[in-house]
Each structure stands twice: as C-alpha cells, then as structure tokens.
Amino acid sequence: MNSEQTNLQAALFGLGLDRAAPAPLHQQLTEALRQMILSGRAAPGTRLPASRQLARDLSVSRQTTLTALDQLLAEGYLETRPGAGTYVARDLPHLAPPPAPAPIATPTAPIPARPFHPGAPDMAQFPHAVWARHLDRAWRRPAPELLALPDPFGWPPLRAAIAAHLAAWRGLDRPGAQVMITSGATETFELLARALFRPGDSVLVESPGYGPMRSALTRAGLAITRMAVDDDGAILPDGARARGVIVTPSRHYPMGMTLPLARRLALIDWARRTNAWVIEDDYDSEFRYTGAPLPPLAALDAERVIYVGSFSKLLSPALRLGYAVLPQALLAPLRAALAETGPRASLIPQPALASFMESGEFATHLRRMRRLYGQRQAVLRAALARALPDHLIAAPDPAGMHLLCRPGPALEQVPDTEIAAIARDAGITLRALSAYWPDGDGPQGLVLGYAGFEPEALEAAVLRLADVLKARYP
Ligand SMILES: Cc1ncc(COP(=O)(O)O)c(C=O)c1O
C-alpha cells in the first residue's frame, strides 16, 4: 500500500457518519468521498479499499458502501480497473482550493446614539414594565385566534385600536377594516409602489425628502420626479404629469413646515383630475407642542389619499410596526400585493400593542413624551441662544423631534458639511441640511435631534460644540 492509499484509508476510517441524521448513510458516505476527492485529500489514481473492507471499517452494511461507490463511479469521480479494484479517477483536473473567506467581525452591540442624532425616540422612556404586562397577558395563555393563520392585514383588534387612535388624535374617521398593519412606513411604501403603480410610472416626491421612501420607489422601478419645497412645503409643478405623489403635509421632512390648506386642496384637486394617488406620510405629528395640527389630507378625500403611519417614532423603531389607512378600492389590490411577499410585520407585538392602546396607556405615554420632548426642545433652543448666538440660529418649530438651525453671521461663509465634520470629530452628530438634497446642493443649515437625549446631555453637547466652533470661527 503506498502512502496515499494509507492516508486515504486513515481518513476514511475517521469519517463520522451520523446514524441520527436525516440523510441516509450511503448519501453521507457519497458526499464525504466526493469532498475528499474535490479537496485533493484523495489524489487522482489512489486506490480505494474494497467495498467489503470499507463496510467493516465504517461499521455499515456492504450495500451502503456499494451504493456510494456506484454513485461516484456514475458521476466520474471513481473508475474501476478490471480485476484491480476501484480508484480515484486519474484524469480529474486539479481544483484550486477556494480562496479563504474574509474574516467576519463578530457583531457588537450598537453604539448608543449621541447628541444630536435626529429622529430616534428616547428608549430609556419606553414603558417597559407596562409593555411587559401586555405582552405577558397576550401570550402566556394566547387566545385561540392568535394561534390561527394570521390575517395578512394584521391583528384585527390592533387595526381597530389604530382607527380609534386616529379618530381621537388626528380627526381621521375610518373603520379598522381599512387599516393594514405593516413592518413600518418603509414596507408600506414598497407595498403601495407595487400595488398602485407599474414599473416606469412617474411619482412626485418632495425634495428634500425621506431617503428610504425614495429607495423603495426606485426598487419598484418607478420614475421619481422631484418637487421643490418653499417655506410652506411642497410645490406642485404646473401641469404635473404623474401617477401619484408622496408628501409629508403635517410636518415636512426634514424642514418641518406644515402644508397650508390651499396647497392641500390643490393637491387633492390635481389628483382627482388626473386620476392620481396621494400618499400622505404622517410620521410624527402627535409630537406637536403648540397649536392644533391641521387634520390629515386623508380627511379631505377618503378615496384618493392613502394615509401612512408608523410606531417607529411614537413608541420604538425596534417594534417594526407601521400601518396604512387605505381607500376602500385599494383593499383588494393591497391584499394581493401582500400575498406576494407574505406579511412581514410580526404578530408577536400586535396583541400587546392593541391592549396597550385600548387601555389608554399609549395615549398617556404619548402625552408624557410630548411634554418631555417639548421641554427638551426648549432646553436646546435656550442652550444654543446662550452659547452660540452668532453661530447657530434655531428656526421656530412648534413640533417634531429635531431643530433646524441656520448658520449665524460667524458661520455664514462656512459650508454646513464642514461644520458637521468638525462636530463629528468632537463626538457630536450634526446633519448638514444641504446633504438632504440629491446633489448636496440644498440651502445651508444644520439638523439637531433633541428628543432622544436628557436635558443635561443636550446642554453638555452644546457647550462642547461651542468650544470647537468658536475655536475655529470666533
Ligand atoms: C419621513 C419619515 N417617514 C417615515 C418614517 C418611519 O419609517 P419606518 O416606519 O419604516 O421606521 C420615518 C422615520 O422614522 C421618517 O423620518
């Protein structure tokens, strides 16, 4: 026996065939031999032990070894020489070993957001104990309906609770049957893009606007037409030709203005005349600190406007829950669109969220967060006015989770991207307003998120920012 034969025999002897595995033993043996040959551990021309001996070495039946050897003979990995036994085929080209995959870093816990990261709610304020009680109640002894095949539109009591919330908080009166639960606004945009439009259709979006929404439309093959915004919000171009429009009328993202009634009516009028859809992204309007919000666009037209909501800012982005309020005519098309991908929103949090809303604790949480975020905005505004009066001028803002600041006289000649980079080096997140425009050529400004941070953290970050900015631009 030459050394290659000895090595092969030793390797075969050490083969771990798993009798408990679902794959039959002959299949496991075939695969193991195939891998030995492909990896070069069984070199071309090496003689294999006789089937009887192989069976003995591996403690399997002779039939098992014969089946495996026959299969590999048929595939061309082995060859027989009359009267001399079975060999690894001689003319197999040598396969270079595949390149070793690049090492993958072990996932680490996400780094907590630092001031002034915009958009995220304060998760330290999440009502953990109350939420745990609702989850426990729903799932410790689940109602039989929870274990049945779920309705792709979501848990019916949650749909009813969302309808009741919208009636109370947003003056939008629609039955729960018209509410579709999704895994967030982004999934809602994807579903609407497929159900309402065809690839190549043109859709109007605000510029600047929400990037993930634009990506969802692009993925669906839609042609995006950008609408400019002025101090009142989106400007519908004269003679606009599009199959739909997506707007943030309650609070433009990221600039914060409210679309006035005249523009809302013009938008609805255009949609009716041209048979287009209006998609209303109402992502955080519950956080309004002064004045009453305008009712949503959807309240002006139940058949043309699709209202899109999300729990990402109101409760937590980790929930991955959002919803749409659909016109009646769209219930069937959206069910069909959902059937293609299957529902992505998990059922697990839905009954807990339903009872959290029904009990009134959600409304209490929202009122508490509204008070807290309003105070945080005032803290940030005052700290900026004290420490950086010539550098950052905060625009008035009755709502939302971030402040928009214009550069003051000391920063007038400095690009907002440069200010953001200086802040980043000092451990502070500032978003440059110009970067929200597609080519980065928007007006100058800085976006400062405040909702997710304690007043002390906001004040400390302003002082740090004042140090680095005044050192460079006194
Ligand atoms: C403009 C806008 N719309 C919608 C959302 C919500 O998106 P999602 O529900 O996918 O988290 C956000 C961010 O949270 C947003 O900024």
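## Exercises on a predicted model

Asn275 has a relative accessible area of 45%, so Asn275 is partly exposed. The model used here is predicted. The exercises start from this residue.

**Exercise 1. Find where Asn275 sits and describe its phi.**

Step 1: place the residue. Asn275 is in the loop between H9 and strand E8 (277-281).
Step 2: read the backbone. Phi of Asn275 is near 60°, a positive value in a residue other than glycine.
Step 3: set this against the general rule. Most residues other than glycine have a negative phi.

**Exercise 2. Decide whether Ser59 is buried or exposed, and state its phi.**

Step 1: locate Ser59. The loop between helix H3 (51-58) and helix H4 (62-75) holds Ser59.
Step 2: apply the cut-off. Exposed means over 50% relative accessible area. Ser59 has 53% relative accessibility, so Ser59 counts as exposed.
Step 3: check the backbone. Ser59 has a phi near 55°, which is positive although the residue is not glycine.

**Exercise 3. Identify the residues joined by cis peptide bonds in the pairs ending at Phe116 and Pro254.**

Step 1: take Phe116. The peptide bond from Pro115 to Phe116 is cis, and omega is near 0°.
Step 2: take Pro254. A cis bond joins Tyr253 to Pro254, with omega about 5°. Pro254 lies in the loop between strand E7 (244-247) and helix H9 (261-274).
Step 3: recall the general pattern. Most peptide bonds are trans.

**Exercise 4. Work out the surroundings of Phe116.**

Step 1: place Phe116. Its loop runs between strand E2 (85-88) and H5.
Step 2: judge burial. The cut-off for buried is under 20% relative accessible area. Phe116 is at 0%, and therefore counts as buried.
Step 3: list partners beyond four places in sequence. Among them are Leu380, Ile428, Val447 and Phe453. Leu458, Ala461, Val462 and Leu465 also contact Phe116. These four residues are listed among the buried residues of H14.
Step 4: compare sequence and space. Phe116 and Leu411 are 295 residues apart in sequence, with their C-alpha atoms 19 Å apart.

**Exercise 5. Test the length of helix H14 and say what covers its buried residues.**

Step 1: compute the span. H14 (residues 455-472) has 18 residues, so at 1.5 Å a residue the expected span is 26 Å.
Step 2: compare. The end C-alpha atoms are 26 Å apart, which agrees.
Step 3: name the buried residues. They include Leu458, Leu465, Val468 and Leu469.
Step 4: name the cover. It includes helix H12 (361-387), strand E11 (392-394), helix H13 (416-425) and strand E14 (446-449).

**Exercise 6. Describe how H5 and H11 pack.**

Step 1: get the geometry. The axes of H5 (residues 128-140) and H11 (residues 349-358) come within 8 Å and cross at roughly 120°.
Step 2: classify. H5 and H11 are therefore oblique to each other. Their crossing is right-handed.
Step 3: list the contact. H5 supplies residues including Trp131, Leu135 and Trp139, and H11 supplies residues including Pro351, Leu353 and Phe356.
Step 4: sort by type. The contact residues comprise 10 nonpolar, two polar and no charged.

**Exercise 7. Decide whether Arg174 is buried or exposed, and name what it touches.**

Step 1: place Arg174. The residue is in the loop between helix H6 (156-170) and strand E3 (179-182).
Step 2: judge burial. Arg174 has 14% relative accessibility, so it counts as buried.
Step 3: list contacts beyond four places in sequence. Arg174 touches Ala163, Ala298, Ala299, Asp301, Ala302 and Val325.
Step 4: look along the chain. Arg174 and Asn2 are 172 residues apart, and their C-alpha atoms are separated by 83 Å.

Key:
Residues numbered from 1 in each chain as written. Predicted model: local features only at pLDDT ≥ 70, side-chain atom pairs only at ≥ 80, totals over all residues. Heavy atoms only, no water. Helix = DSSP H or I, 4+ residues; strand = E, 2+ residues; numbered from the N terminus. Expected span 1.5 Å × (residues − 1). Buried < 20%, exposed > 50% of the residue type's maximum accessible area, 1.4 Å probe, protein only. Contact = heavy atoms within 4.5 Å. Axes fitted to C-alpha atoms, helices over the stretch in contact; angles between N-to-C directions. Parallel < 35°, antiparallel > 145°, perpendicular 65-115°, else oblique. Left-handed = near helix turned anticlockwise from the far one by under 90°. Nonpolar A, V, L, I, M, F, W, Y, C, P; charged D, E, K, R; others polar.
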